[in-house]
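User: Please take a close look at how one chain of this assembly packs against its neighbours. I would like the contacts, the symmetry and the charged pairs in one connected account.

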6 protein chains.
Amino acid sequence: MRILVINPNTTASMTRKIGMAAEAAASPATEIVAVNPKDGPPSIEGYFDEVFVIPGILAEMTKAGPVDAYVIACFDDTGLDAARCATEAPVIGIGEAAFHLATLVAGRFSVVTTLARSIPAIEHNLSKYGLASRCAKVRASDVAVLDLELAGSDARRKVSAEIARAVSEDRAEAIVLGCAGMADLAHALSLEHGVPVLDGVACAVRLAETVAALGLRTSKVGGYAAPLAKRFAGYYAPWSPGAG
Amino acid sequence: MRILVINPNTTASMTRKIGMAAEAAASPATEIVAVNPKDGPPSIEGYFDEVFVIPGILAEMTKAGPVDAYVIACFDDTGLDAARCATEAPVIGIGEAAFHLATLVAGRFSVVTTLARSIPAIEHNLSKYGLASRCAKVRASDVAVLDLELAGSDARRKVSAEIARAVSEDRAEAIVLGCAGMADLAHALSLEHGVPVLDGVACAVRLAETVAALGLRTSKVGGYAAPLAKRFAGYYAPWSPGAG
Amino acid sequence: MRILVINPNTTASMTRKIGMAAEAAASPATEIVAVNPKDGPPSIEGYFDEVFVIPGILAEMTKAGPVDAYVIACFDDTGLDAARCATEAPVIGIGEAAFHLATLVAGRFSVVTTLARSIPAIEHNLSKYGLASRCAKVRASDVAVLDLELAGSDARRKVSAEIARAVSEDRAEAIVLGCAGMADLAHALSLEHGVPVLDGVACAVRLAETVAALGLRTSKVGGYAAPLAKRFAGYYAPWSPGAG
Amino acid sequence: MRILVINPNTTASMTRKIGMAAEAAASPATEIVAVNPKDGPPSIEGYFDEVFVIPGILAEMTKAGPVDAYVIACFDDTGLDAARCATEAPVIGIGEAAFHLATLVAGRFSVVTTLARSIPAIEHNLSKYGLASRCAKVRASDVAVLDLELAGSDARRKVSAEIARAVSEDRAEAIVLGCAGMADLAHALSLEHGVPVLDGVACAVRLAETVAALGLRTSKVGGYAAPLAKRFAGYYAPWSPGAG
Amino acid sequence: MRILVINPNTTASMTRKIGMAAEAAASPATEIVAVNPKDGPPSIEGYFDEVFVIPGILAEMTKAGPVDAYVIACFDDTGLDAARCATEAPVIGIGEAAFHLATLVAGRFSVVTTLARSIPAIEHNLSKYGLASRCAKVRASDVAVLDLELAGSDARRKVSAEIARAVSEDRAEAIVLGCAGMADLAHALSLEHGVPVLDGVACAVRLAETVAALGLRTSKVGGYAAPLAKRFAGYYAPWSPGAG
Amino acid sequence: MRILVINPNTTASMTRKIGMAAEAAASPATEIVAVNPKDGPPSIEGYFDEVFVIPGILAEMTKAGPVDAYVIACFDDTGLDAARCATEAPVIGIGEAAFHLATLVAGRFSVVTTLARSIPAIEHNLSKYGLASRCAKVRASDVAVLDLELAGSDARRKVSAEIARAVSEDRAEAIVLGCAGMADLAHALSLEHGVPVLDGVACAVRLAETVAALGLRTSKVGGYAAPLAKRFAGYYAPWSPGAG
């Protein structure tokens, strides 16, 4: 099985970290291809940044050729609906993956993300997925995304402190880490706090395998129908509508 | 007062129709500037098409220079959150505008839109805005967006038939027309069916005037904070983050 | 355009303040007529007081003769549904007006009202309007309504302190002032706290203009149908059912 | 135990029917006092009519002197919140009574009321009480309230036909009759349709007994706090605020 | 009238206390029969314990022979749905009884239960009943169920302290005691805190009387239909399906 | 990896069919152990039957010794919460598994189950999981569970007809089959109707693998905490509390 893992931002070190987390989580027989768009913002922090990465995500899907499943490795699940229109293969967002799996091991969970400005988009996704009632609170750790890439930053300490607050104040039974860049922290933080700590990258890769292995394809009836054929300047070139 | 009305698709005849509807609705002292992005899809029908218009919406905002308010004239309210990050001026979507005003003249309303594939995004917006409980049903009339531009099409008849069903089957007390291209039909359909029929373009223009006249600015605390400064290839050029 | 602004309580100084706020907010061409019922409680603080003002509101509507729109200037939106039955012209409550406009400039807002006893009615309205999910918290400042009319009271300080708590504790991106008597405080409090602060009187007047200018009439199908003709003692005299 | 059952409208025949239904439902030791306001509309059909009965309800409460509990015998639960402010004794609305008891014998119920114009207020109450998720549908039988008082009307047939539709189309496991004037129909309709059919008058009287017998008093903390002392013209005379 | 009050756990002292509370609450003419299953856990604290008491509850229902109503005296309302399938007589859970009655005397209530592990099941019931929106918070007092049976424990003090927090922090207007073993504390705690404090045992007994006296029977259409006839080892013997 | 798949009913042919479906869905390296309790009802149709299988489910968990994950193969997810208390290994219900995966390939889905009496428990689970908003409708095909085991029954035809109605009437984009006994029908029905058709057994087995492979364990903080040690007659023998 071949899974295309798309880091929507352009920070190559983060793509590598995501790729390693994806490989560590995947079944041995699964080939992980981790990519990022050529152009676009180096990190995604809020509604504005999201806009500039989605055409790039779709372009990477086209460029990669046929795969068994796609993972969008931004916790906002940026471009997820559009990507599902563009293919019949499963497309899994790391945010939704972690939310769904958290509900299988805990009655309620809290999310610990990076900056406060990212909270509304995450809350909005939870509500859209139907899982808002399962989330106790979305919390910001006040860590910028790229600080997670810096060796000397106190990012890990801040995230851990916020987890402690979630467990004691929110009655959280599990924690979802709210950024692809936190993928390497989950295991140690789980041991430290005594509750499941979920990293979306690992969750999404395994869920993508699961959906693909079950032979489930994205429904082409309704909202994820193949886009109607339209030709326009600025369109990313090689994609052919409905090819899936 | 100067309001930039952005038709996110590239169909000039539709931009003209939207501009005329906007001018007809605006106060005499208001100057309407109706534009559309240079590149992108000729119509927006579903999640996929939305993606390719948002950078163009933001580019038009930059190109236009200072205005008092912005209207995004696609019923999906495409790019609304991102646009609000990019400015302190009010930004109003035509979908939200019609939903909010419908609740001021009716206990519940139904939406009549174009194709069934557009229903999920509209339902999702209603839920996000908090107004899902006020909407009886989102209905498709099975009219493609650009058929609304064709003289001989039976688009009007189909829309009217769907309104009749909404009134009798949904207990709808008002109707929201679910496409900017239906702007010219609202008045006649209201007379025909004896209930308020709301066109989002007119609603949004007046709401944009209202918010601007009240001196209300988009909050820069939280989700609509000015984007963090990031430089990257592919970025639309003249915009400077946080300029508002 | 002529708008009847009804202060449901009998405190004339408050009617004057509301009238001034309404005039300041209205378009130059709009004539504001600010009135209050002849009899009834001097302030509305909770469910009980509401009861005694609604017949008076309807009487003022009748007495005023034809207008283009009505504004009910009590934050509880007292009598709003009944008033909508009594006319085809738009009727806007100051509570709903502020809630709706707050969602256009902020992802979530908090309300700062007067006494704790008024919170349940406001929460109940938010839920009825569908906007409860957009409101972070309804807060009481422990200021009696008529203290807002007293020169030497510390009402302004208490309201400001509660706004500070809303911004820091609720993650509120905007504030709605929960009493018509706070109309004169909004601008200064917005500057002080760096978030939009909305006064319902100004919001409602502009929204009333908007709905009227768009030619939208209150739906007479369903819950706001004209009342069935009934004659009974105690009825306020000059109103004729269905006259609108 | 003495229970004041207030028919908010002024139709004496309906007050008698309600009184008889109340007596039939009450414990032998309970004294039922059935009254109606002196002035006001002969029936309550929609938001507008409600307004003119609430001061009268409160006046009847005062006039009656001390009782153990109050029942408001209009299915809209007109004036319920205000009445709770005016006393520490329990106040039960016939709508809420039937809704709550229906959930104890059935997973979901439908409501069959009189005219379509009354549906929104009932739906709104269900949502406010928290029980909207337990109600499959609120249905109108197109029977005017006072037609229920006429010997030769086909009111019973229409109500029965609507119950049949509720059972087959809504998957309703029980039926709530949505008008005090249907009190005499419940038993026969239950036998006819093979599901519990609840009359609010009977339900409310027994619930009022229950709450009073348990020594539960209306909370005076929060929304039902005794009204603040205010003197004003038009006030109904003998009531003294906070007397309870 | 004869009511079978089933304490699902096997602690006889608790059954006696529940029986006394039930008798104190019941009408003079009502005969209370308080029982507990022969085998099973001595207390119910969480999802696991619940499982082992439900067959015993059903067995006690069979053993008791015909009664007018059943009360299940565990705050989790353990086995309530199954018990309703097994009879046409009313079955009332003490949790639901207290929740419903609390909404008749207060706008919102908080629950004070025993251990934190019991909170999720209670929250889940509130949501299922539709009353989650009426409950401000479910709080644990950190008192084990059987500590409520011990003379020298500080259980009462802990429960009282948690009530104080509920009133001041949750804006709770009433308190529901979240364990059958707290039945004897309600009256004193209500006096102490000045808000209604509801004990589920008393509430359920009176509600059971009410539903039975009204002639209401558990609906046999839908989810509470009599179980299909099946014979299997381990089945409790004398029950015959559909006997009711 | 070793997964215990528990068919909660005692029909051995159904256990074999479930086992085969589980093996077909599992990764090659996974060992499936399909069991059913020794005693209990031959099928589970509604709330009553559920009660008698849960102690048996827990007994099978104990008897099986250590495994990597458990699957409960009844669409009602019978005993899921209790089973999670009894172990730290993941426990997945086939209902929840299908619901979660359906949301990854479709915006909304409908459920097609067996008898109408089973609908309420399924709706209740959907609401508890948070996914009710993603489910268009739960439909009964009027097929008894054991008819699915009979060669000559028209069960498949009835299920297929109900799927057709779901697609055309509910705007369902995917179908969830609401009974473990339908596991063998999913693939053909998906081809027939052109939408994803999900069988819970396959979904749950793969999800169980996923959660186990990710190293996620059931949270022991909160509702799924290990049961407190209690000894009582009737308890199933070999289980030791907290052993996990």
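Analyst: Across all chains of this predicted model, a search of the whole structure finds 89 salt bridges. The part to look at closely is chain E with its partners, chain D and chain F. Salt bridges play no part in either contact: the count is 0 between chain D and chain E, and 0 between chain F and chain E.

Start with the contact between chain D and chain E. Chain D gives 41 residues to this contact, and chain E gives 41 residues. Together the two chains bury about 3100 Å². Carbon and sulfur atoms account for 65% of that area. There are 14 residue pairs in polar contact between chain D and chain E, with both residues at pLDDT 80 or more. Several elements of chain D build its side of the contact. Strand E4 (91–93), helix H5 (94–105), helix H6 (119–129), strand E8 (197–199) and helix H9 (200–213) of chain D each supply at least two residues. H9(D) gives the largest share, 7 residues.

Now the symmetry of this pair. A turn of 180° with a shift of 0.0 Å along the axis lays chain D on chain E, with an RMSD of 0.0 Å. In chain D, D:Gly130 has the C-alpha nearest the axis, 2.7 Å from it. Both copies use the same surface: 100% of the contact residues of chain D recur in chain E.

Turn to chain F. Its contact with chain E takes 38 residues from chain F and 38 residues from chain E. The buried area is about 3200 Å². Carbon and sulfur atoms give 72% of it. The count of residue pairs in polar contact between chain F and chain E is 3, both residues at pLDDT 80 or more. On the chain F side, helix H2 (47–51), helix H3 (54–64), helix H4 (80–85) and helix H6 (119–129) each supply at least two residues.

Symmetry links this pair as well. Chain F superposes on chain E after a rotation of 180° with 0.0 Å of shift along the axis, at an RMSD of 0.0 Å. The two copies are thus related as by a two-fold rotation axis. Here too the same surface serves both copies, since 100% of the contact residues of chain F recur in chain E.

Not every pair of chains meets. Chain A and chain D do not touch, and their nearest C-alpha atoms are 15 Å apart. Chain C and chain F do not touch either; their nearest C-alpha atoms are 15 Å apart.

Back to chain D, for the charged pairs inside it. D:Arg139 and D:Glu162 meet through their side chains in a salt bridge, 2.8 Å from N to O. D:Arg139 sits in strand E6 (residues 135–140) of chain D and D:Glu162 in helix H7 (residues 155–169) of chain D, so the pair ties together parts that are 23 residues apart in sequence. D:Arg139 and D:Glu162 are both buried.

A second pair in chain D lies in H9(D), the helix with the largest share of the side that touches chain E. D:Glu209 forms a salt bridge with D:Arg206, with the closest N and O atoms 3.6 Å apart. Both residues lie in helix H9 of chain D, 3 residues apart, about one turn of the helix. D:Glu209 is buried, as is D:Arg206.

Other chains carry charged pairs too. In chain B, B:Glu162 and B:Arg139 form a salt bridge, their closest N and O atoms 2.8 Å apart. B:Glu162 belongs to helix H7 (residues 155–169) of chain B and B:Arg139 to strand E6 (residues 135–140) of chain B, so this pair ties together parts 23 residues apart in sequence. B:Glu162 and B:Arg139 are buried. In chain A, a network of salt bridges links A:Arg139, A:Glu162, A:Arg165, A:Glu169 and A:Asp170.

One helix of chain C completes the account. Helix H1 (residues 12–25) of chain C has 14 residues and should span 20 Å at 1.5 Å a residue; its end C-alpha atoms are 20 Å apart, which agrees. Its buried residues are C:Met14, C:Thr15, C:Lys17, C:Ile18, C:Gly19, C:Ala21, C:Ala22 and C:Ala25. Their cover includes strand E1 (2–6), strand E2 (31–35), strand E8 (197–199) and helix H9 (200–213) of chain C.

Methods: Residues are numbered from 1 along each chain as its sequence is written. Chains are lettered from A and ligands numbered from 1 in the order in which they are written. This is a predicted model: local features need pLDDT of at least 70, side-chain atom pairs count only at pLDDT 80 or more; totals for chains, interfaces and linings use all residues. Side-chain values use heavy atoms; hydrogens and water are left out. Copies are superposed by least squares on the C-alpha atoms of residues with pLDDT of at least 70 in both. Contact means heavy atoms within 4.5 Å. Helices (H or I, at least four residues) and strands (E, at least two) are DSSP runs, numbered from the N terminus. The expected span of a helix is 1.5 Å times one less than its number of residues. Buried means under 20% relative accessible area, exposed over 50%, partly exposed in between (1.4 Å probe, protein chains only). Buried area is the accessible area (1.4 Å probe) that two parts lose on being put together, summed over both. A salt bridge is a side-chain nitrogen of Lys or Arg within 4 Å of a carboxyl oxygen of Asp or Glu. A polar contact is a pair of N or O atoms within 3.5 Å; within protein, one must be able to donate a hydrogen and the other to accept it, and residues adjacent in sequence count only if both atoms are side-chain atoms.
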